[in-house]
Amino acid sequence: MTRTLALEIAVQDPAGVRIAAEVGADRVELATALALGGLTPSPATLELAVEAAGADGPEVHVLVRPRAGGFHYTEDELVVSERDVRRAIAAGAAGVVIGALDAEGRLDLFAMARLRDAAGGAPVTLHRAIDVTADPVATLQSARELGLRRVLTSGGASAAIDGIETLRALVAAAEGEIEIMAGSGVDVTSAPVLAAAGVDAIHFSAKRAVTEDGGVRMGSASDGVGGYEVTDRDIAFAIRDALAR
């Protein structure tokens, strides 16, 4: 039987959703602040993204991450995340993307179960929190036991292509019971190699930076006004075409 490879594009706005639809992506991961690894998008951004996807466009899966930094959360942060999960599903999201670790850096089973339950049965993806755990294969087993739909992983590396051996191990350990989606630094060169590793899906952002000059510093992480990132249509099509070949 021919394996079907799913495509997921990380986007930050309705324009990105429309590009994903043009490319024929199966899903989008909707987030904001991709330069920080992604944070929870605003309610209005989600509403407009769902409208842009329409009935025939890509599924909209929402990243729920309350802040930048690590994945060990306070009770307040978990309550925020629970409410964001519920509101995302109520607003029309097809699923959510979550991740929480305990103080020892292992998957926080209690927190994950809370967030899973808040999704009310909608598909749940474990994001790249798996990549900072000591044993991604063991973390995958925990995700299976929690009944999650898929994991987004780079195989424990900064770029997925550098974690390809771990990705192969994860595919084997999944036994077809949970989807393995490769992501991080995916480009036209690495995408086909990652697909050949047997993963169920490829996740990429196809983004380009937009910079603006400004003489007044607006934050501790920027010089001047700072820049931002947008989904690039040409990059998205190039990656899709590379996989088609």
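**Salt bridges and helix packing around H1**

Okay, let's start with Arg114, which is buried, with a relative accessible area of 16%. Buried here is anything under 20%, so at 16% Arg114 falls on that side of the cut-off. Before I go on, keep in mind that this is a predicted model.

So which residues does Arg114 pair with? One is Glu75: the two form a salt bridge, and the closest N and O atoms are 3.0 Å apart. Arg114 lies in helix H4, residues 109-118, and Glu75 in helix H3, residues 75-90, so this pair ties together parts that are 39 residues apart in sequence. Unlike the arginine, Glu75 is partly exposed, whereas Arg114 is buried. The relative accessible area of Glu75 comes out at 46%.

Then there's Glu82. Its side chain meets that of Arg114 in another salt bridge, 2.7 Å from N to O. Again we go from H3, where Glu82 lies, to H4 with Arg114, so here the parts tied together are 32 residues apart in sequence. And Glu82, is that one buried or exposed? Glu82 is buried, with a relative accessible area of 12%. If you step back from the single pairs, salt bridges with shared partners join Glu75, Glu82, Arg86 and Arg114 into one network.

Now the whole structure. How many salt bridges does it hold? The count is 15. One of them that I'd like you to look at is Arg233 with Glu22, where the closest N and O atoms are 2.9 Å apart. Arg233 sits in helix H8, residues 233-244, and Glu22 in helix H1, residues 14-23, so this bridge ties together parts that are 211 residues apart in sequence. Both partners are in the middle category for accessibility: Arg233 counts as partly exposed at 39%, and Glu22 is partly exposed too, at 42%.

That bridge takes us to how H1 packs against H8. Their axes come within 10 Å and cross at roughly 30 degrees. Why call them roughly parallel? Angles under 35 degrees count as roughly parallel, so with a crossing of roughly 30 degrees, H1 and H8 qualify. The crossing of H1 past H8 is right-handed. Who makes the contact? From H1 you have Ile19, Glu22 and Val23, and from H8 you have Arg233, Ala236, Phe237 and Arg240. By class, that contact has four nonpolar, no polar and three charged residues. You'll recognise Glu22 and Arg233 in that list, the pair from the salt bridge a moment ago.

H1 has another helix to talk about, H2, which is residues 43-53. H1 and H2 pack at an angle of about 25 degrees, with their axes 8 Å apart. That makes H1 roughly parallel to H2. This crossing is right-handed as well. On the H1 side, Pro14, Val17 and Arg18 meet Leu48, Ala49, Ala52 and Ala53 of H2. And what classes do those contact residues fall into? Six are nonpolar, none is polar and one is charged. If you want to put the contacts side by side, H1 with H2 has one charged residue, and H1 with H8 has three charged residues.

Moving off the helices, a quick word on two loop residues. Ala33 has a phi near 55 degrees, a positive value in a residue other than glycine. You'll find Ala33 in the loop between strand S2, 27-30, and H2. Ala33 is partly exposed, at 23% relative accessible area.

Glu175 has a positive phi too, near 55 degrees, and Glu175 is likewise not a glycine. Where is Glu175? Look in the loop between helix H6, 164-174, and strand S7, 179-183. At 58% relative accessibility, Glu175 counts as exposed.

One more loop residue before I sit down: Glu104. That one is in the loop between strand S4, 95-98, and H4, which is the helix that holds Arg114. Glu104 counts as exposed, at 56% relative accessibility. If you want a distance to look at on the screen, take Glu104 and Arg128: they're 24 residues apart along the chain, and their C-alpha atoms are separated by 17 Å.

Key:
Residues numbered from 1 in each chain as written. Predicted model: local features only at pLDDT ≥ 70, side-chain atom pairs only at ≥ 80, totals over all residues. Heavy atoms only, no water. Salt bridge = Lys/Arg side-chain N within 4 Å of Asp/Glu carboxyl O. Helix = DSSP H or I, 4+ residues; strand = E, 2+ residues; numbered from the N terminus. Buried < 20%, exposed > 50% of the residue type's maximum accessible area, 1.4 Å probe, protein only. Axes fitted to C-alpha atoms, helices over the stretch in contact; angles between N-to-C directions. Parallel < 35°, antiparallel > 145°, perpendicular 65-115°, else oblique. Left-handed = near helix turned anticlockwise from the far one by under 90°. Contact = heavy atoms within 4.5 Å. Nonpolar A, V, L, I, M, F, W, Y, C, P; charged D, E, K, R; others polar.
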